[in-house]
Amino acid sequence: MSVHTQSTRMTTAKIRQMKANGEKITMLTSYDFTLASLVDEAGVDMILVGDSASNVVCGNQYTLPITVDEMIFLTKGVVRAAQHALVVCDMPFGSYQISEEDGVRNAIRIMKESGCDAVKIEGGESDVVATIRHLIQAGVPVCGHLGLTPQSVNQFGGYGLRAKDEAEAEKLLHDAKLLDEAGCFAIVLEKIPAELAKRVTESVSCPTIGIGAGSATDGQVLVLHDMLGLNQGFKPKFLRHFAHLADEVKNAVGAYNTAVKESSFPSVEESY
Ligand code: KIV
């Protein structure tokens with residue numbers, strides 16, 4: 001049972017206040033009710049229903065195929081679980097790039113149908129910032145996302161470190177300031193040099209949430225399945241395995257398989 005009551009629910013205002021108080025902010029992904037309940041009960045501040053669900057849940061190579069309908073379906077379960085954490089839903093590829101009007105329509109649909117508290121949008125180009133400004137005016141809280149933006153993988157040609165050179169670093173800093181001015185309540189900084197993440201964090205009023213961006217950001221985010229060690233074979237430098245659940249799951253499933261095959265499960269005590 002959750003230790004949190006309705007009054008302890010996170011809000012975007014509280015997330016902003018945490019930066020002002022110098023309190024670190026935690027965010028983890030979840031894509032379903034059961035794991036989101038555990039993440040929420042453990043006290044994480046924000047749950048991101050990331051479009052990484054395209055990889056983790058659906059087995060796609062990229063985040064690009066996941067749709068608005070699929071994101072809404074997953075987010076509904078997470079929202080039902082979250083008693084404390086702020087739930088942020090990723091706007092998937094194609095849901096905000098066509099036009100400002102289309103982006104606003106999709107974001108409002110995601111908020112209304114999933115019940116999430118905020119959306120996350122990748123990029124800092126002028127048309128993306130214009131859509132974000134419009135969304136915030138319409139009452140939709142937005143989390144920005146700069147650096148490695150996986151929806152642009154085909155443009156980048158891979159998932160390497162971003163903003164290594166001065167020109168890209170300056171552009172990222174500029175984009176972060178635009179997102180901050182537009183009213184983003186937070187900005188995810190993915191896979192950029194730690195020193196640049198520190199500069200951005202000191203230059204914007206909203207909290208920065210890092211993944212592969214060093215320790216100076218206001219908070220950290222990881223993909224839950226990665227940090228639990230469920231996703232074997234994925235171990236970039238920035239990722240820490242806080243558990244090794246792939247082994248636990250395989251051992252448990254193996255034990256079940258053996259028990260059924262040798263007729264030791266179910267036992268008399270486990271039968272009616
Ligand atoms: O989709 C996702 O999980 C993300 C995080 C990696 C920040 O965007």
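**Exercise 1. Decide whether Asp90 is buried or exposed, and place it in the fold.**

Solution. Asp90 has a relative accessible area of 2%. The cut-off for buried is under 20%, so Asp90 counts as buried. Its place is in strand 3, which covers residues 86–90. This structure is a predicted model.

**Exercise 2. Find which side chain makes a polar contact with that of Asp90, and which polar side-chain atoms lie by the ligand's oxygen atoms.**

Solution. Step one: the side chains of Asp90 and Lys120 are joined by a polar contact of 2.8 Å. Step two: an N or O atom in the side chain of Asp90 is 3.1 Å from an oxygen atom of the ligand. For Lys120, the corresponding distance to a ligand oxygen is 2.9 Å. A polar side-chain atom of Asp51 lies 3.0 Å from an oxygen atom of the ligand. Step three: the ligand taken alone exposes 260 Å², of which the protein buries 94%.

**Exercise 3. State how many nonpolar, polar and charged residues form the shell around the ligand.**

Solution. The residues around the ligand include Thr29, Leu48, Gly50, His145, Glu190 and Val223. Sorted by class, the shell holds 4 nonpolar, 4 polar and 4 charged residues.

**Exercise 4. Describe the salt bridge between Lys19 and Asp218.**

Solution. The closest N and O atoms of Lys19 and Asp218 are 2.9 Å apart. Lys19 sits in helix 1 (residues 12–21), while Asp218 is in the loop between strand 7 (208–211) and strand 8 (219–222); the pair links distant parts of the chain, 199 residues apart. Lys19 is buried at 17% relative accessible area, and Asp218 is buried at 12%.

**Exercise 5. Work out what the salt bridge between Asp69 and Arg109 ties together.**

Solution. In this bridge the closest N and O atoms are 2.5 Å apart. Asp69 belongs to helix 4 (residues 68–81) and Arg109 to helix 5 (residues 100–114), so the pair ties together parts that are 40 residues apart in sequence. Asp69 is partly exposed at 48% relative accessibility, as is Arg109 at 29%. A network of salt bridges links Asp69, Arg109 and Glu113.

**Exercise 6. Explain why Asp102 and Arg105 are separated by about one helical turn, and give their exposure.**

Solution. The two residues are 3 apart in helix 5, which means a separation of about one helical turn. Their side chains meet in a salt bridge of 3.4 Å, N to O. Asp102 is buried at 15% relative accessibility, whereas Arg105 is partly exposed at 48%. The whole structure has 12 salt bridges.

Terms used. Residues numbered from 1 in each chain as written. Predicted model: local features only at pLDDT ≥ 70, side-chain atom pairs only at ≥ 80, totals over all residues. Heavy atoms only, no water. Near = heavy atom within 4 Å. Polar contact = N/O pair within 3.5 Å; in protein donor to acceptor, adjacent residues only side chain to side chain. Areas by Shrake-Rupley, 256 points an atom, 1.4 Å probe, with all protein chains shown as cover. Nonpolar A, V, L, I, M, F, W, Y, C, P; charged D, E, K, R; others polar. Helix = DSSP H or I, 4+ residues; strand = E, 2+ residues; numbered from the N terminus. Buried < 20%, exposed > 50% of the residue type's maximum accessible area, 1.4 Å probe, protein only. Salt bridge = Lys/Arg side-chain N within 4 Å of Asp/Glu carboxyl O.
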